[in-house]
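Colleague: I am still learning how such descriptions are built, and I would like to go through this one with you, asking at each step how a word is earned.

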Amino acid sequence: MKIYIVKSYEELSKKSANIVASQVILKPNSVLGLATGSTPEGLYKELIKLYNKEVVDFKDVNTFNLDEYYGIHRHNPQSYYYYMRNNLLDHINIEKNNINIPHGLAEDVEAHCMEYEESIKKLGGIDLQILGIGRNGHVGFNEPGDDFKAKTHLVELQEETIKDNSRFFEKPEEVPTKAISMGIKTIMSARKILLIANGEGKAKAIYDTIKGPITPKVPASILQLHKDVTVIIDEAAGKLL
Ligand code: F6R
């Protein structure tokens, strides 16, 4: 693992955007694994800036999102589909057909998950997977206790995650309790992984991920076994290291 502790969220965003941009510059038809949430918002803003400066071109890039809420329509502003379009995809020259985000209203969820895995495989696998991390150590929506061997699947979200996500919803009962998520096995199959985290609330999860035992109780801890992981965190998130 390469670990960078940076001074500010701005620095974190710039450094991580540079890593994504260099991936695309060196391999224009890269397959990128994308995350949502508040952590990568700055990264996406910086990527859009690099695109506008013509430093990076997304026309041959394919993307796969880590997850999507289950039971939510794509046009619902709380959906990850909406988030991705709003925060990145509508602002760069990516082909619409190259965008892959799990479908929250998939009728046959199991078949949809299998197709999602197949589509990743057909494109040769994910070159660079961007990850945020939950306070409980989740990556994607792989919650503590989930099987390390899982591929894309339907997940029951845990209390802490539902509570953390409620900040984006008007009423608590609107917060979805299930999601479709790439599994740990899908994530671990990416050639490179970029994990980003900021703020004190993530300090324990970051400590457990990097220094703790490798256990499904901390899903991100398996990243210790991946051969190419870069972690970029601010000082608050790194304070227990
Ligand atoms: C989002 C995702 C989640 C988030 C995590 C952190 O696609 O997969 O694992 O990365 O919940 O969220 P934020 O960045 O909002 O703290």
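Modeller: Let us begin with contact, for which two residues must have their C-beta atoms, placed from the backbone, within 7 Å. With that in mind, helix α1 (residues 9-26) lies across β1, β2, β6 (128-131), β9 (192-197) and β10 (229-234). Please keep in mind that this is a predicted model.

Colleague: What is the angle between helix α1 and β10, and how is such an angle taken?

Modeller: Helix α1 runs at about 160° to β10. Angles run from 0 to 180 degrees between N-to-C directions, so the value takes account of the way each element points.

Colleague: How do you know that β2 and β3 pair?

Modeller: Pairing requires at least two bridges between the strands, and four bridges join β2 (residues 31-34) to β3 (residues 62-65), so the two strands count as paired. They run parallel, and within this pair glycine 33 has phenylalanine 64 of β3 as its bridge partner.

Colleague: Which strands make up the parallel sheet, and why are two of them said to stand at its edges?

Modeller: Seven strands form this open sheet, in the order β1-β10-β9-β6-β2-β3-β5, with parallel pairing. β1 (2-6) and β5 (99-100) each have a single partner strand, so one side of each is left without a neighbour in the sheet, and they stand at the edges.

Colleague: What makes the pairing of the other sheet different in name, parallel or antiparallel?

Modeller: Three strands, in the order β4-β8-β7, form an open sheet whose pairing is antiparallel. Its edge strands are β4 (67-69) and β7 (153-156), each of which pairs on one side only, and the twist averages 30° from one strand to the next. β4 is joined to β8 (residues 178-181) by three bridges, and since the definition asks for at least two, they therefore count as a pair; in β8, isoleucine 180 is the bridge partner of glutamate 68.

Colleague: Which residues come nearest to the ligand, and what classes make up the shell around it?

Modeller: There are 14 residues around the ligand, of which Thr36, Gly37, Ser38, Thr39 and Gly132 come nearest. By class, the shell has five nonpolar, eight polar and one charged residues, and Gly is counted among the polar ones.

Colleague: How confident is the predictor in the chain?

Modeller: The average pLDDT is 96, and 100% of the residues score at least 70. On a scale from 0 to 100, that average therefore lies towards the upper end. The model also scores ipTM 0.99 and pTM 0.97.

Methods: Residues numbered from 1 in each chain as written. Predicted model: local features only at pLDDT ≥ 70, side-chain atom pairs only at ≥ 80, totals over all residues. Near = placed C-beta within 6 Å.
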